[in-house]
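Let's take a walk through a protein model together. Keep the structure open beside you and turn it around as you read.

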Amino acid sequence: MSIHATALVDAGAVIADDVEVGPWCTVGPGVTLEAGVRLVSHVVIPRDTTVGTGTVIHPFAVIGGDPQHTGYKGERVTLKIGARNTIREHSTFNRGTPQGSGETIIGSDNLFMTGAHVGHDCIVGSNITFANNATLGGHAEIGDRVFLGGLSAVHQFGRVGQGAIVGGLAAVTRDVIPYGSAWGNHARLRGLNLIGLKRKGYDKAAVRRLLAAYRDLFERKDQPFAQRIDAAAQTYADLPEIVEIITFIRRDTRRPLCLPED
């Protein structure tokens, strides 16, 4: 364990043997730093936060701060961060609220660039990239392998399905389907995340079939949207990605969905 002489570490913190706590860091009560965690310098982890194995946190990040919620009155709420995350300068992650789930959850192998913000009660998956100043409102849910462009913002309670990409400066006020590509202010669905699909190893034939399903779902105008969903569920029942999109849509039909422009 390497703790710089200028760091303040609460006696109630649990710190693995090989953790590095750099100059002027603050580690509060109820904090757990697992094996291989490195706090570069000037990192503040106020309380009740678990930081997973191998995560590196850069200067001036505040990780596990109080939720920005007027109903919060000091109750014990938590933040849990998975393994091998890189959290760059000035990022802010808030703990949960009693009004929500009571915890904010972040997965593994994520890159949070400078100024990224994760609000209270969010659920963030794994292998995600937040570009500079990407922001989540409270209770947002972000699936695995999502890319959020610089200065984009997801509205509270918003959902972005796995494998989706959100363009820079996008204001995401409606849910983005898995594998979708959304951008603009306010964000609209512009197709599938073709770059992400190719990087994941989809061949041309598979991409063409996914695009055909996308067109049947979102671009046909001869049927109401609800009927298109039902038809696609039968026609593309063998495509797990389309099944996932349809399941995502049906999971909460009360929420507005990010759709193409008319």
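**Helices, pockets and two odd spots**

The crossing of H2 and H4 is right-handed. Bear in mind as you look that this is a predicted model. To find the pair, look for helix H2 at residues 204-218 and helix H4 at residues 240-251. Their axes come within 10 Å and cross at roughly 30°. Angles under 35 degrees count as roughly parallel, and H2 and H4 are therefore roughly parallel to each other.

So which residues of H2 and H4 make the contact? On the H2 side you'll find Leu210, Ala213, Leu217 and Phe218, and on the H4 side Glu241, Ile242, Ile245 and Ile249. Sort this contact of H2 with H4 by class and you get seven nonpolar residues, no polar ones and one charged.

Now bring in a third helix, H3, which covers residues 225-235. H2 and H3 pack at an angle of about 150°, with their axes 8 Å apart. Anything over 145 degrees counts as roughly antiparallel, and H2 and H3 are therefore roughly antiparallel to each other. In this contact, H2 offers Arg209, Asp216, Leu217 and Phe218, while H3 offers Phe225, Arg228, Ile229, Ala232 and Thr235. By class, the contact of H2 with H3 has five nonpolar, one polar and three charged residues. If Leu217 and Phe218 sound familiar, that's fair: they belong to the H2 side of the contact with H4, and they turn up again in the contact with H3.

That leaves the pairing of H3 with H4. Their axes come within 10 Å and cross at roughly 140°. That angle makes H3 oblique to H4. Is the crossing of H3 and H4 left-handed or right-handed? It is left-handed. Here Phe225, Ile229, Asp230, Ala232 and Ala233 of H3 meet Ile246, Ile249 and Arg250 of H4. The class count for this contact of H3 with H4 is six nonpolar, no polar and two charged residues.

Next, let's hunt for empty space. Rolling a probe the size of a water molecule over the atoms shows where empty space is left. The largest pocket holds about 300 Å³ of space. It is lined by 16 residues, and those nearest its centre are Arg145, Phe147, Asn193, Gly196 and Arg199. Which helix gives the most to the lining of the largest pocket? That would be helix H1, residues 194-199, with four residues. The lining of the largest pocket divides into eight nonpolar, five polar and three charged residues.

The second largest pocket has about 190 Å³ of space. Its lining has 13 residues, with Glu141, Arg159, Gly161, Phe248 and Arg251 nearest the centre. Strand S21 (141-142), strand S24 (159-160) and helix H4 are the elements that give two or more residues to this lining. H4 gives the most to the lining of the second largest pocket, with four residues. By class, the residues of that lining are five nonpolar, four polar and four charged.

Finally, a look at the backbone. Most residues other than glycine have a negative phi, and most peptide bonds are trans. With that in mind, find histidine 90, in the loop between strand S13 (86-87) and strand S14 (92-94). Histidine 90 has a positive phi of about 65°, although it is not a glycine. Then move along to histidine 186, in the loop between strand S27 (180-183) and strand S28 (188-192). What kind of peptide bond joins asparagine 185 and histidine 186? A cis one, with omega about 0°.

Key: Residues numbered from 1 in each chain as written. Predicted model: local features only at pLDDT ≥ 70, side-chain atom pairs only at ≥ 80, totals over all residues. Heavy atoms only, no water. 1 Å grid on protein atoms, 1.4 Å probe; cavity = no way out; pocket = protein on both sides within 12 Å on 5 of 7 lines; lining within 4 Å. Points joined across faces, edges and corners; volume = space filled by probe spheres on them. Nonpolar A, V, L, I, M, F, W, Y, C, P; charged D, E, K, R; others polar. Axes fitted to C-alpha atoms, helices over the stretch in contact; angles between N-to-C directions. Parallel < 35°, antiparallel > 145°, perpendicular 65-115°, else oblique. Left-handed = near helix turned anticlockwise from the far one by under 90°. Contact = heavy atoms within 4.5 Å.
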